[in-house]
Amino acid sequence: MPASYAYLGPEGTFTEVALRTLPEAATRELVPAVSVPAALDAVRNGGAEAAFVPIENSVEGGITTTLDELVAGEPLMIYREVLLSITFALLVRPGMRLSEIKTVTAHPAAQPQVRNWLKANLPDAAWESAASNADGARLVQEGRYDAAFAGEFAAARYGLQALETGIHDAENAQTRFVLVGKPARPAAPTGADKTSVVLWQRDDHPGGLRDLLGEFAVRGVNLMLLQSRPTGAGIGNYCFCIDAEGHISDRRVAEALMGLKRICLQVRFLGSYPRADVKPDDVRVPLPGTSDDEFMTAADWVARCQDGRF
Ligand SMILES: O=C(O)C(=O)Cc1ccccc1
């Protein structure tokens, strides 16, 4: 039996479409999970080799269920990311008219992407959250709700009809998905990589967050995501999920992480993996003084000073 990837199901989610763009998915059994935690649990308990889940969208930011699952529990690591452009279709049972729709459903992350459309077209419809967009389609098929926002491709799978397609409040809305597995050696650097970490401050003091960000800034490491999440220890207690440009094997990234390890209460490494948004050729050159060579030359000079050989 081939190794399996768990994904946010049921069949017909955007997550499944994004997963199928990965070449390695073709050689795995793809197993739908009822939720993001269920998909990640399958990895933690050895039931699946990896899980594929949404983590961020360009309209609302981080998908908090996924971030919170990666922040806590047995450590997991991100190995790949996929970006997918998202537009929604309004799916109904055949024959249902727009004027008859009283309840609509979708994944909570879909709501900010269809809010204006709903206000203009179905201002009185009640919103009900579903475990995923395809699960919303399934619930419409069962007669639980009148309409679901989902991918147009989910219509056939659930015997539904698209009353409207191409629904998107924001142009170019994209969702980012990640392939998550148990910790192991990260993939080799490609030249266009991203490193994800979670940081917990050691103590609360003025400029505390600036101190954390400064570890990246002084080494010329650009940040791509900063999302605070409550630690659960009381109001005002947050950890920080950060995506930085570069790979942990880049000296400037490694040195930034060493700096953070020294000043943070805890640092959780979530992986270094190829960026889906650019190719190695399009990546900016490092700022002056932050290339691997320059870090190595400086380290070599210190070693020579320590030896009295400068
Ligand atoms: O994959 C899906 O269908 C989901 O339910 C997650 C999601 C939610 C909103 C936009 C893209 C993906």
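A cavity, in the sense used on this tour, is a set of grid points where a 1.4 Å probe fits among the protein atoms but cannot get out. Keep that in mind as you open the model, which is a predicted one.

**Stop 1: the ligand**

Select the ligand and look at where it lies: the ligand sits in the largest cavity. Now bring up its neighbours. There are 13 residues around the ligand, and those that come nearest are T13, F14, T15, S132 and N133. Try colouring this shell by class: you should find 6 nonpolar residues and 7 polar ones, with no charged residues.

**Stop 2: contacts to ligand oxygen**

Stay with the ligand and show the contacts one by one.

- Pick T15 and display its side chain: an N or O atom there is 2.6 Å from an oxygen atom of the ligand.
- Move to N133 and turn on the backbone, where an N or O atom lies 2.9 Å from an oxygen atom of the ligand.
- Then choose F14, again with the backbone shown: a polar backbone atom of F14 is 3.0 Å from a ligand oxygen atom.

How much of the ligand's accessible area does the protein cover? On its own the ligand has 320 Å² of accessible area, and the protein covers 100% of this.

**Stop 3: P10 and its peptide bond**

Next, select P10, in the loop between β1 (4-8) and α1 (14-19). Zoom in on the bond that joins G9 to P10: this peptide bond is cis, with omega near -5°. It merits a look because most peptide bonds are trans.

**Stop 4: N172**

Now go to the loop between β10 (161-167) and β11 (174-181), where you will find N172. Is the phi of N172 positive or negative? N172 is not a glycine, yet its phi is positive, at about 55°. For comparison, most residues other than glycine have a negative phi.

**Stop 5: the annotated domains**

Zoom out and select residues 4-182, which UniProt lists, in an unreviewed entry, as "domain: Prephenate dehydratase". Over this span the chain is 26% helix and 34% strand, and the C-alpha atoms at the two ends are 14 Å apart.

Finish with residues 197-274, listed by UniProt as "domain: ACT", also from an unreviewed entry. Here the chain is 29% helix and 41% strand, and the end C-alpha atoms lie 15 Å apart.

Methods
Residues numbered from 1 in each chain as written. Predicted model: local features only at pLDDT ≥ 70, side-chain atom pairs only at ≥ 80, totals over all residues. Heavy atoms only, no water. Near = heavy atom within 4 Å. Polar contact = N/O pair within 3.5 Å; in protein donor to acceptor, adjacent residues only side chain to side chain. Areas by Shrake-Rupley, 256 points an atom, 1.4 Å probe, with all protein chains shown as cover. 1 Å grid on protein atoms, 1.4 Å probe; cavity = no way out; pocket = protein on both sides within 12 Å on 5 of 7 lines; lining within 4 Å. Sits in = over half its atoms within 2 Å of the grid points. Nonpolar A, V, L, I, M, F, W, Y, C, P; charged D, E, K, R; others polar. UniProt positions renumbered as here; feature names shortened; annotations may be inferred. Helix = DSSP H or I, 4+ residues; strand = E, 2+ residues; numbered from the N terminus.
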